[in-house]
Amino acid sequence: MDYNGMLALGAGIAALGVVGGGIGIGLIGGKAVEAVARQPEAKGDITSTMILSIAFAEVTSLYALVVSILLIFVK
């Protein structure tokens, strides 16, 4: 396999990190709904913690996307 093929393969593997972020955001949302259902009076605290956690999960997905784009376009 040549150099460009290896870069494309590496970019594809790096892009798989985006899947983890999507799964993480789904789990965070589901657990937040469960928590609010159990303790409705703590909705504000749960929501703010959920938004912060979603931001961290999304940033890790963006890092994986940036790495995959850099592998493709920067030679």
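The legends below go with close-up views of a predicted model.

**View 1. Helices α2 and α3 side by side.**
Let us start with the pairing of α2 and α3, whose axes come within 8 Å and cross at roughly 175 degrees. An angle over 145 degrees counts as roughly antiparallel, so α2 is roughly antiparallel to α3. On the α2 side, the contact is made by Gly17, Val18, Gly21, Gly22, Ile25, Ile28, Gly29, Ala32, Ala35 and Val36. Helix α3 answers with Lys43, Ile46, Met50, Ser53, Ile54, Ala57, Glu58, Ser61, Ala64 and Leu65. Here α2 covers residues 17-38, while α3 covers residues 43-73.

**View 2. Helices α1 and α3 side by side.**
Next comes helix α1, which spans residues 3-15. The axes of α1 and α3 come within 8 Å, with a crossing angle of roughly 175 degrees. That makes α1 roughly antiparallel to α3. From α1, the residues making the contact are Leu7, Gly10, Ala11, Ala14 and Ala15. Their partners in α3 are Ala64, Val67, Ser68, Leu71 and Ile72.

**View 3. Serine 61 and its surroundings.**
Zoom in on serine 61, a residue of helix α3. Is serine 61 buried or exposed? Its relative accessible area is 5%, and buried means under 20%, so serine 61 counts as buried. Leaving out residues up to four places away in sequence, serine 61 touches Gly17, Val18, Gly21 and Gly22. Those four residues also appear on the α2 side of the contact between α2 and α3, and Ser61 appears on the α3 side.

**View 4. Serine 68 and its surroundings.**
Further along helix α3 you will find serine 68. Serine 68 has a relative accessibility of 5% and therefore counts as buried. Which residues does serine 68 contact, leaving aside its neighbours within four places in sequence? They are Ala11, Ala14 and Ala15. These alanines belong to the α1 side of the contact between α1 and α3, where Ser68 is listed for α3.

**View 5. A salt bridge within helix α2.**
For a change of scene, look at the charged side chains of lysine 31 and glutamate 34, which form a salt bridge. Side chains of opposite charge can pair when their charged atoms come close. In this pair, the closest N and O atoms are 4.0 Å apart. Both residues lie in helix α2, 3 residues apart, which is about one turn of the helix. Lysine 31 counts as exposed, at 52% relative accessibility. Glutamate 34, at 40%, counts as partly exposed. The model's count comes to 1 salt bridge.

**View 6. A nonpolar patch on the surface.**
Now for the surface, where Val18, Leu62, Leu65, Val66, Ile69, Leu70, Ile72, Phe73 and Val74 form a nonpolar patch. Together these residues have about 800 Å² of accessible area. Where does the largest share of the patch come from? Helix α3 supplies it, with 7 residues. One of the patch members is Ile69, found in helix α3 and partly exposed, with a relative accessible area of 40%.

**View 7. Valine 66 and alanine 11.**
The last view stays with a patch member, Val66, which lies in helix α3. Valine 66 is partly exposed, and its relative accessible area is 45%. Valine 66 and alanine 11 are 55 residues apart along the chain, while their C-alpha atoms are separated by 9.6 Å. Ala11 is among the α1 residues that make the contact with α3.

Key:
Residues are numbered from 1 along each chain as its sequence is written. This is a predicted model: local features need pLDDT of at least 70, side-chain atom pairs count only at pLDDT 80 or more; totals for chains, interfaces and linings use all residues. Side-chain values use heavy atoms; hydrogens and water are left out. Patches are made of residues with over 30% relative accessible area and no salt bridge: like charges are joined within 9 Å, nonpolar side chains (Val, Leu, Ile, Met, Phe, Trp, Tyr) within 5 Å. Accessible areas come from the Shrake-Rupley method with a 1.4 Å probe; for residues, only the protein chains shown count as cover. Helices (H or I, at least four residues) and strands (E, at least two) are DSSP runs, numbered from the N terminus. Buried means under 20% relative accessible area, exposed over 50%, partly exposed in between (1.4 Å probe, protein chains only). Contact means heavy atoms within 4.5 Å. Axes are lines fitted to C-alpha atoms, for helices over the stretch in contact, and angles run from 0 to 180 degrees between N-to-C directions. Angles under 35 degrees count as roughly parallel, over 145 as roughly antiparallel, 65 to 115 as roughly perpendicular and the rest as oblique.
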